[in-house]
Amino acid sequence: MAEGPNLSKPAGANTPGLSLHVPEPRFRPGDAVDFGHVDVDAPGRLGRPDETCDPSQLHDHAYGLVRVLGDDNRAHGPWDPKLDADTLRSMLGTMALTRAFDERMFRGQRQGKTSFYMKCTGEEATSISASMALAGDDMVFPSYRQQGILIARGYPLIEMINQIYSNKGDKLKGRQLPIMYSSREKCFFTISGNLATQTPQAVGWAMASAIKGDSRIAATWVGEGSTAEGDFHAACTFATVYNAPVILNVVNNQWAISSFSGFAGGERTTFAARALGYGLAGLRVDGNDALACYAAERWAANRARANAGPTLIEFFTYRAEGHSTSDDPSGYRSAQERSEWPLGDPVTRLKDHLIAIGEWDEDRQAEMDREAAERVRATTKEAEANGILGHGLHHPFRTMFEDVFEDLPWHLREQAEQAIKERQIKWPGSLDQ
Amino acid sequence: MIGEQTDDTTVVSERRLNMIEALNEALSVMMERDPDIVVMGEDVGYFGGVFRATAGLQDRFGKSRVFDTPISECGIIAAAVGMGAYGLRPVPEIQFADYIYPGLDQLISEAARLRYRSAGEFIAPITVRSPFGGGIFGGQTHSQSPEALFTHVAGLKTVIPATPYDAKGLLIAAIEDNDPVIFFEPKRIYNGPFNGYYDKPAQAWKNHPHSAVPEGYYRIPLGKARKVTEGDALTVLAYGTMVHVAEEVCRQKGIDAEILDLRTLVPLDIEAIEASVEKTGRCLVVHEATRTSGFGAELSALVTERCFYHLEAPVERVTGFDTPYPHSLEWAYFPGPIRIGQAIDKILSE
């Protein structure tokens, strides 16, 4: 008879006790930063497979880094989208405008004009360049840091500011936290605030487009931290099961509030590599390289539109500012990280590229930045005429009860009457209901 | 006999159907009328669903309108939200109400809020069908009645049919509704009107007057209760399986009860409830779900707040116990004829 395990003493009794690994970022406040451990592919190293290729051919693309712009500020290799100078300038202009908008809105929150704001500084290319590679009527399901898409699609800045101020001009009637925009006209899905919920919804929209034999595709953006949500797994599963015409963009900006990407599994593998297990096409892209962002998104859009399947793109980037106006990153990460980030700044890199190819100069850049700031300033003034948060120029009380349902049921009618009664007690004689 | 107003006059004839057949017919009638309706869920496609509610639909309407899904309630609801945003009218099935919880964030934070948070730019015209309730020896994971989780959510409608006729008309109205509807199907009465006497032979729907189901299209408006019996002694508020149990108890005890089948919990037919309680002065609420914070608590509070000076006795609740749904002791858990009978005696003795 074979000898069974010795049950008289516990297995492993003479080995060290188990220990729990709790991820820890490399640098904390005050630490000197060295990003030498970050592998940065040479621009042009990775090939550009046919858009209809089998996902298994993309192993290197899921672990490497698709890059176009080199240190010489020139475009290199097969991923160069070969955009004309006007398109590049337009891209740069949108990025500069978005940055100016962020600066102004952040300050507005500090001045008490609204409750909350979120900048996308350092990540502009992941939304602006990427969305420029889509058709204008492709549906986007953004997370909360994709204001660049709305600006790239020409949504009026004043509508964004009205929403941020929750004022009487706010098309969302003051119901949503600032920056949770919605624009059906710009094919921009209403932003939730609950994380990753939009990811499987985008897959559902893409499935619907396929069911109807449409030609439009869907694209969605999610932070690397939120890929830990079950919704992300559901999205990847549904996308691969139904070969949905969808692009799942994961913006890996390294930080989810104070939790670094290690808390979403980033210590062990790349986020693009998630694609491999699902049988999705996976691309890992330099998210601060506007040309690479555009090229990857266009590749994935072509693939989806050709009915060749979904793509998961990881944009490897860096959240240069705090999570939001409610966050102070100096409490958990080294201030040096931003300046040491090995992939630079997306606006600077695109500007330097345009200068290197003789299509731009510093004077024009300064003039463009000045115009952007002025445009935002003027639009802000215009929006302030509709009110700022908490200063009374809000939507009428009854609108609180509208749009819960298509029709107003009796219980909401009664509650609306109560709200208006309370208003009349607080402000006797007020006509605004 | 049925006394139901319908919005359409294309009714052709009446046959006897069980609730599954009636639901199946509602789906096929609506899929025929509206090419934007899609049906999806675990096992609903080729196989036709574990309860057969979608049998034959894939054959008839094709795989891109009736299809199986991964085992992911989160994904099913989320995909339905996305499809609704596109312009489709999805009718997802959650195989058992007990499985719906992984989809709750998508229902509560997403489907229920789209219209509000986008000021009407995006809506979720979704009907989530799901068998619920016990009495089939399903144990704790195939027997629950989680309706109160959904009635608590602003922006969701909750509908529960109690007869084949209602099942078809209410499902059609739910599908046509432009808001998300949770459509709970009392699975104990899929095949017959269970009266609570589990130790007596099961009955079939064909002998019940409300199994006469017209062909074609008809709808029963959401938010309208059905008066099951007219009476003066007390008002019984019930829905789903418990309508039939309460009816049988009152019949056997010879109580002149006015039984209201609520049919829709949100929006609730408060007018019918008030009118009945003002007439009878006594009110019993019956549901199978657990007691604490159950929908009966809401009903009891509403009746007390709005009809207090008409009441001759405190409002009573008969419910399931606050335990998980047990397997072997299922009938000890179930709010059957004894529990209902005792409550009626108490109310009438006041």
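**Exercise 1.** Which residue follows α6(A), and what is the sign of its phi?

*Solution.* Keep in mind that this is a predicted model. Just after α6(A) comes Gly213(A), and its phi is positive, near 65°.

**Exercise 2.** Check the span of helix α6 of chain A against the expected value.

*Solution.* Start with the helix itself: α6 of chain A covers residues 198-211, which is 14 residues. At 1.5 Å a residue, these should span 20 Å. Now look at the end C-alpha atoms: they sit 20 Å apart, so the two values agree. While you're there, look at how covered α6(A) is: 13 of its 14 residues are buried.

**Exercise 3.** Work out how the five-stranded open sheet of chain A is put together.

*Solution.* First, read off the order, β1-β2-β3-β7-β6, with parallel pairing. Next, find the edges: β1 (139-141) and β6 (281-286) of chain A each pair on one side only. Then zoom in on β6(A), which six bridges join to β7 (residues 311-316) of chain A. Within that pair, Ala281(A) stands opposite Thr311(A). Finally, add a helix: α9 (residues 290-305) of chain A packs on the sheet and touches β3, β6 and β7. The direction of α9(A) makes about 175° with that of β7(A).

**Exercise 4.** Decide whether Thr269(A) is buried, partly exposed or exposed.

*Solution.* Find Thr269(A) in the loop between β5 (259-260) and α8 (274-278) of chain A. Count its neighbours: 13 other C-beta atoms lie within 10 Å. Buried takes 20 or more and exposed takes 12 or fewer, so Thr269(A) is partly exposed.

Notes. Residues are numbered from 1 along each chain as its sequence is written. Chains are lettered from A and ligands numbered from 1 in the order in which they are written. This is a predicted model: local features need pLDDT of at least 70, side-chain atom pairs count only at pLDDT 80 or more; totals for chains, interfaces and linings use all residues. Helices (H or I, at least four residues) and strands (E, at least two) are DSSP runs, numbered from the N terminus. The expected span of a helix is 1.5 Å times one less than its number of residues. Two strands pair if DSSP finds at least two bridges between them. Two residues are in contact if their C-beta atoms, placed from the backbone, lie within 7 Å. Axes are lines fitted to C-alpha atoms, for helices over the stretch in contact, and angles run from 0 to 180 degrees between N-to-C directions.
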